[in-house]
Amino acid sequence: SADNYQYIILFRLKQVTLITEIIFQIQSYIVHSSNNPPVDAIYLLGIFEKYRKEHPNAAVRQLDSVEGIKGSAVLLTIHFVEQRLQLAFLHKRNDSQSVIDIFNRLYLELRADVFLELFPVLLVDDGSEFSNPSAIEQDAQGNFRTKLFYCNSSAPYQKGSCENNHELIRRIIPQGTDLGQYTQEQIDLMMSHINSYSRKKLGNKSPYEVFEFQYGRKIYATI
């Protein structure tokens, strides 16, 4: 039942009473060109650093996938680094179209200006689900709505904040669990508890509180 599911989440989160906060210093963002899907020069080595220097206030959102069992449903996670807030979207196949569909839905549900404010820069790895960068970056009319860059697939620390937050998800849904048994509503409930967990690095506030203060409760409810 929903009550039992919520109890399990709360119980497991209480086990995470002390989690070592790891500071990942990102020194470079590199496209792994040997096995990476072909991408335009805009995503290549050095472009990200240049863009960050030209847009120092552009917040970076780290994207990743949480897999269960091979061939089953997966989670697309979007991590807001400064707020330490993470979103998780359940989708049936770990392919590029599924990721594109999620961003298209967010773009439609949010106003264009709100979307641009929330997702100015995306940092991904070279997984096949991120192999169509232009379809994520642009809307149906070809208007740019975000900037996407790749990190080095051999250096997961470059998306360390996102990877670290996955530990909380794994406390509730252990690795190797079939994610297809869950609904998006159950995933939302899990992430609500995770995002309500206070963090020392946030002045003992929760990611939800920090995000709500910056962007408002209505936007959080939409995403």
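What follows is a short chat between a student and a tutor about the structure above.

Student: What kind of model is this, and how are residues numbered?

Tutor: This is a predicted model, where local features need pLDDT of at least 70, side-chain atom pairs count only at pLDDT 80 or more, and totals for chains, interfaces and linings use all residues. Side-chain values use heavy atoms, with hydrogens and water left out, and residues are numbered from 1 along each chain as its sequence is written.

Student: OK, how many helices and strands are there in the protein, and in what pattern along the sequence?

Tutor: Helices (H or I, at least four residues) and strands (E, at least two) are DSSP runs, numbered from the N terminus. On that basis the protein has nine helices and five strands. Read along the sequence, the pattern is α-α-β-β-β-α-α-β-α-β-α-α-α-α.

Student: What share of the residues count as buried?

Tutor: Buried means under 20% relative accessible area, exposed means over 50%, and partly exposed is in between (1.4 Å probe, protein chains only). The protein has 223 residues, and the buried share is 45%.

Student: And what share of the contacts with a separation of 6 or more comes from residues 24 or more positions apart?

Tutor: A contact here means heavy atoms within 4.5 Å. Taking the contacts in the protein with a separation of 6 or more, residues 24 or more positions apart account for 67%.

Student: Let's look at helix 3. What span should its 14 residues have?

Tutor: The expected span is 1.5 Å times one less than the number of residues. Helix 3 covers residues 96-109, and its end C-alpha atoms are 20 Å apart. That agrees with the expected span, which is 20 Å.

Student: Which elements do the buried residues of helix 3 pack against?

Tutor: The buried residues of helix 3 are Ser-98, Val-99, Ile-100, Ile-102, Phe-103, Leu-106 and Tyr-107. As background, an α-helix has 3.6 residues a turn, so residues three or four places apart point the same way. The buried residues of helix 3 pack against strand 1 (60-67), strand 2 (74-80), strand 3 (85-91), helix 4 (112-118), strand 4 (121-124) and helix 5 (133-137).

Student: Which element gives the most to the largest nonpolar core?

Tutor: A nonpolar core is a set of buried Ala, Val, Leu, Ile, Met, Phe, Trp, Tyr and Cys residues joined through side-chain atoms within 4.5 Å. The largest one has 29 residues, and Ile-78, Phe-103, Leu-118, Phe-119 and Phe-211 touch the most other members. Elements giving two or more residues to this core include strand 2, strand 5 (147-150), helix 8 (207-215) and helix 9 (217-222). The top contributor, with six residues, is helix 3.

Student: How many residues does the other core have?

Tutor: That core lies apart from the largest one, and its members include Leu-75, Ala-88, Ile-173 and Ile-194. Its count is 14 residues.

Student: Now the rings. How many aromatic pairs are there, and what are the types of the Tyr-107/Phe-115 and Phe-115/Phe-119 pairs?

Tutor: Rings of Phe, Tyr and Trp (its six-membered ring) pair if their centres lie within 6.5 Å; planes under 30 degrees apart count as stacked, over 60 as edge-to-face and the rest as tilted. The search of the whole structure finds ten aromatic pairs. Tyr-107 and Phe-115 have centres 5.2 Å apart and planes at 90°, so that pair is edge-to-face. For Phe-115 and Phe-119 the centres are 5.0 Å apart and the planes at 50°, so the pair is tilted.

Student: Which charged residue sits over the ring of Tyr-107?

Tutor: A charge sits over a ring if NZ of Lys or CZ of Arg is within 6 Å of the ring centre and within 35 degrees of the ring normal. Tyr-107 itself is buried. The charged end over its ring, 5.1 Å from the centre, belongs to Arg-145.

Student: Is Arg-84 buried, partly exposed or exposed?

Tutor: Arg-84 is in the loop between strand 2 and strand 3. Its phi is near 60°, a positive value in a residue other than glycine, while most residues other than glycine have a negative phi. At 23% relative accessibility, Arg-84 counts as partly exposed.

Student: And Asn-204, buried or exposed?

Tutor: Asn-204 lies in the loop between helix 7 and helix 8. It also has a positive phi, of about 65°, although it is not a glycine. With 57% relative accessibility, Asn-204 counts as exposed.
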